[in-house]
Each structure stands twice: as C-alpha cells, then as structure tokens.
Amino acid sequence: MTVPTYPVETTAPATASTAAAMAQLLHDGSVEQYRRTIADGVQRVARRVAAVDRPGTGITPAELAPLVDRVDLDRPLGDAGAALDELETVYLRDAVWFHHPRYLAHLNCPVAIPALLGEAVLTAVNSSLDTWDQSAGATLIERRLIDWTAERIGLGPLADGVFTSGGSQSNLQALLLAREEACVDAIGPAARAELLPRLRVLTSAAGHFSVQKSAKLLGLAPDAVVAVPTDARRRMDPDAVRAEIVRCRQAGLVVMAVVATAGTTDFGSIDPLDDLAGICAAAGVWLHVDAAYGCGLLVSPTRRHLLDGIERADSVTVDFHKSFFQPVSSSALLVRDRRTLRHATYHADYLNPARMVEQRIPNQVDKSLQTTRRFDALKLWLTLRVLGPDALGGLFDEVVDRAADAWRLVDEDPRFEVVTRSELSTVVFRYLPTGPARELADAANLHAREALAASGLAVVAGTRVDGRHFLKFTLLNPATTGDDVAYVLDLIATHAGRYVHDHTAALTCPVG
C-alpha cells in the first residue's frame, strides 16, 4: 500500500513588526518587560496621586477634545513610555480624583489598596468567569463571596447570585427574573403576549432611573413603572404601595415586582423594608431591594439594623464599588431562591452544554446575563482577606458620621436651605437668597456648581427637588473633614452670592 504524500507547508518568518508585537504579549519570555512596564505606570499614577491638591482641573470638553482627536491611532508610538507620556496629557493631567477630600459629587469612593492589587492580578491572568474551564479557582472564589454576601443579608440556605457590571445590570436581571416568575402560568405565546402589557412595577418616586430603563429593555408597557409617593423622609410609603396593588388588580393589571431602595441616590433614604416585605408576601409579589448604595451597612458595626427586612427580599442588588471601597466594577445580584436564576440560563454546545449540569461542573454563565466576564470578585476577596469586614464597615460608618456632621453644618448656616437628613451619606441643599432675590435661587445654584467645577477646587453634584434646583454632597471618603465641607460651602456661597448680586444690580440699574 502506497502512503500518499502531501506537500509540507512552511511558515514564513515573522516580520520585524510582528516579532515586536509578539514581544508585547505577556508570556514566559516577556515577564521582565511586563514588570518594568507595569512598574512605570504605577509610578506615574503614584506621583500624580501624591501631588493632587484638588479633585480636578476644571478642564472643559471643548479644551480637551482637540488633544484627544489629534492622536493618530494608526501611527503607534512603539514604546510604552512614550504612550504613558502622551497619556499624561490626554488623561492623567485632567483626571477627576475621587480620593481627594473635596470630591463631594457622586457615588465614587476612594479605593482600597488590596483591591488594586486584585485588579493587577486579575487583568494579567485574564480569567473569564463564564465557564469552569476558563476560570477554575476564580469560579469558586466568586461563589464563596456570593455565599458570604447572602449570609450577611440573611437570605437563607437556598440563596445564590452572581457578580455583575453594576447596579443597573443587577436591577435589570432582578426584574427579568420577576417578569419570568410572573409569566410562569402564562403558557404559550398568546397567553404571554396578553399578559406582558398588563405587568406593572412599583418603585419609589425617589428610586433609581435604571428601573424605568430595565422595564423598557424587558419589553414592558411604556407606563409599566409606577412611581409611588414618598413620606417627608423621602421613603416609599407602604400604605401607598398597598393601595396601588389593590388599584392595579381592580384594573386587571398584574404587579410583577415592588422595587424598594436601601439608599436612594439623592437622599440616601432607606425604604421601610420590613413593612414592604410584609405587603409583598401577603400579595404574592416579588420584592427587589436595590441596595447598591446602602450595602455598606451589611458590614457596619453600628448601623446594620437600618437594613432590617432586607432578608425577606426575593432579590437584592449590592454595589461593592460604592460602599465597600472597591474599584469599578464590582457589583452583584443576590436571590433568595437559586431556582429563579434558571430564567437567565441558556446552554450552548461549544460552551456550557446541559450535560455539564449533570456532571456538577460549576459554570457561572448559567446564571449571568453576560458571557465573557471579568474576575472582579478577586478585588473584594483580597480586600476582605487583608482588611476584613469589620474594618470596611468602620470606614463606612466614618463616612456616614461625616455626612451627619455636614448636614448639621449646612442646617445651621443661614445662607442655605437643607432637605431631609440622610440615613447614609448625602446632603441635599441649596443657597437661598433673601427677599425678592429668592427668585434667582435656581440660577444661582446652577451657576455656583458650574463655577466650582471650573475652578477645580471642589466637585459637588446637582439635582432637582420638587421642581427646584438643589446641590448635593455625596460623602464616600473617610478623609473628608468638617473643614473641607465648610470650605466648599464658603466657595458655593461666594459664587452664588456674586451671581445674585450681579443679576439683582442688573435688574435694578436704571436704563440710560
């Protein structure tokens, strides 16, 4: 028998550019270059952090955009050092620094160093948390953290969950599960098509906008989300929830979920979770608790009781990158009954065939909206292993204490009007001119925020309360002091007062 022969294909030698590119990939032959390059980047960031004297530079989009637009991405610099030099100009020089004590704007926290260590490790190894054969130990670490979080919440022995990209994705998945549970008895496309337009979601008027966005993504009716009134403390009114459930049923509508909030973005208010849980249990309605902000209370040595009732929820959103001092992103969705996660499960022959379930192979993609997913759990794991939950909770307590001090400072200052006192770490207030100039309050506060941002000396947020413009402090930095808050208040009063003076003078100045 003659064995057929085939021409041998030879691989063309790599070009110089290809060889240089190969050298930029992390492998056993490039570890020294990896070490030097990463060290250079860390040193540059460290120098920047050490030199920061204000949270921002006040640069405008019009000033920075041309610098970025001029970068020719088709002409590489060929050297990481040169790329870092360029990065100084287009990013690091004008970055907003959340660790600065006068950054008081959004829910951005200074980050724990062990979490930064985790970030360096996870990006280099580059595990993907979809299947076991891409992650091994990473899968088990994430699962252990989910179990730990569920234990802290008190969800019970059937609880489970998965890490997500953030609170918005967690809320989306929670409402997906709630929708599917509401549709369990709708057998067949016709029954489902008839039910979907009748589904309703009740949430606080002070709740997060991701609830409305999720409803749209889930194909619910345009008026599916019902904003429930709040009390004087900006907490969802349980009596209003009860009445709305009755109204919906009388109208032939189906309340598929109530979304309570443990830490509203503007007011830091915590809805009466235990009361709402009782209402939902009696009505057979899914209760989701958005604790993206307030989850830090899970480790608080003094304020854990503020979350009483959260253990009765069907699902809970937590954002470790808000109140656990983690880098973005680090979030999770927890559920009381792991079986509900089946609504996010799809099997692909190339990835997670159904037979793997019978073989008890743990694939996280079976319960995630994402496929490829970062090992973000490692950051929290290392933080807990280095600092421990009590230390993290103590830091969050410090933040809440600082906010209480800031609220008193604003409340006692006659230049300002302050809204309800937060249970967490926000302070909503506004500069309030006296006399006829009070009509300039909205414009004056908008001007003060913009002028403050342009100076770079401090960053504060803004919002609307009952149709009026207000300013907002969000404190997530234990290093922020009363002196920092007082300094920022004086800056705001100066900018707003000057605006009022100039515009009052213009209105009263005689013509001609």
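# A guided tour of the model

Start by selecting Asp376 and Lys379: their side chains meet in a salt bridge, with 3.0 Å from N to O. A salt bridge here is a side-chain nitrogen of Lys or Arg within 4 Å of a carboxyl oxygen of Asp or Glu. Before moving on, note that this is a predicted model: local features need pLDDT of at least 70, side-chain atom pairs count only at pLDDT 80 or more, and totals for chains, interfaces and linings use all residues. Residues are numbered from 1 along each chain as its sequence is written, and side-chain values use heavy atoms, leaving out hydrogens and water.

**Stop 1: around the first pair**

Are Asp376 and Lys379 buried or exposed? Asp376 is buried, with a relative accessible area of 5%. Lys379 is buried at 0% relative accessibility. Buried means under 20% relative accessible area, exposed means over 50%, and partly exposed lies in between (1.4 Å probe, protein chains only).

Now select helix α14, residues 377-386. Helices (H or I, at least four residues) and strands (E, at least two) are DSSP runs, numbered from the N terminus. The buried residues of α14 are Ala377, Leu378, Lys379, Leu380, Thr383 and Leu384. What covers them? The cover includes α5 (113-125), α6 (137-153), β2 (160-164), α12 (320-323) and α15 (389-411). Then click on Gly388, which follows α14. Its phi is positive, near 90°.

**Stop 2: strands β3, β5 and β6**

Select β5, residues 254-261. Seven of its eight residues are buried, so β5 is largely enclosed by the rest of the structure. Add β3, residues 199-204. β3 and β5 pair in the parallel sense over five bridges. Two strands pair if DSSP finds at least two bridges between them. To see one such place, find Leu199, which stands opposite Val254 in β5.

Next, add β6, residues 286-291. β5 and β6 also pair in the parallel sense, over five bridges. Which residue of β6 is the bridge partner of Val258? Look at Leu287.

Stay on β6. Six of its six residues are buried, so this strand is largely enclosed by the rest of the structure. Both faces are covered. Trp286, His288 and Asp290 are buried on one side. Leu287, Val289 and Ala291 are buried on the other.

**Stop 3: more salt bridges**

How many salt bridges are there? The count comes to 36. Select Arg233 and Glu423, whose side chains meet in one of them at 3.5 Å, N to O. This pair links distant parts of the chain, 190 residues apart. Arg233 is in the loop between β4 (225-228) and α10 (238-250). Glu423 is in the loop between β9 (416-418) and β10. Arg233 is partly exposed, with a relative accessible area of 42%, whereas Glu423 is buried, with 19%.

Go on to Arg339 and Asp337. Their side chains meet in a salt bridge at 2.7 Å, N to O. Arg339 is exposed at 54% relative accessibility. Asp337 is buried, with a relative accessible area of 19%.

**Stop 4: the cysteines**

How many disulfides are there? The count is zero. A disulfide is a pair of cysteine sulfur atoms within 2.5 Å. Select Cys183: its closest cysteine sulfur is in Cys248, 15 Å away, too far for a bond. Cys183 is buried at 5% relative accessibility. Now select Cys295. Its closest cysteine sulfur is 9.9 Å away, in Cys109, again too far for a bond. Cys295 is buried at 1% relative accessibility.

**Stop 5: His495**

Select helix α17, residues 482-508, and find His495 in it. His495 is buried at 16% relative accessibility. What does His495 contact, leaving aside its neighbours within four places in sequence? It is in contact with His447, Ala448, Ala451 and Leu452. Contact means heavy atoms within 4.5 Å.

**Stop 6: out to the surface**

Select Pro436, in the loop between β10 (426-431) and α16 (441-455). Pro436 is exposed, with a relative accessible area of 75%. Draw a line from its C-alpha atom to that of Arg200: they are separated by 45 Å. Along the chain, these two are 236 residues apart.

End at Ile38 in helix α2, residues 31-51. Ile38 is partly exposed at 41% relative accessibility.
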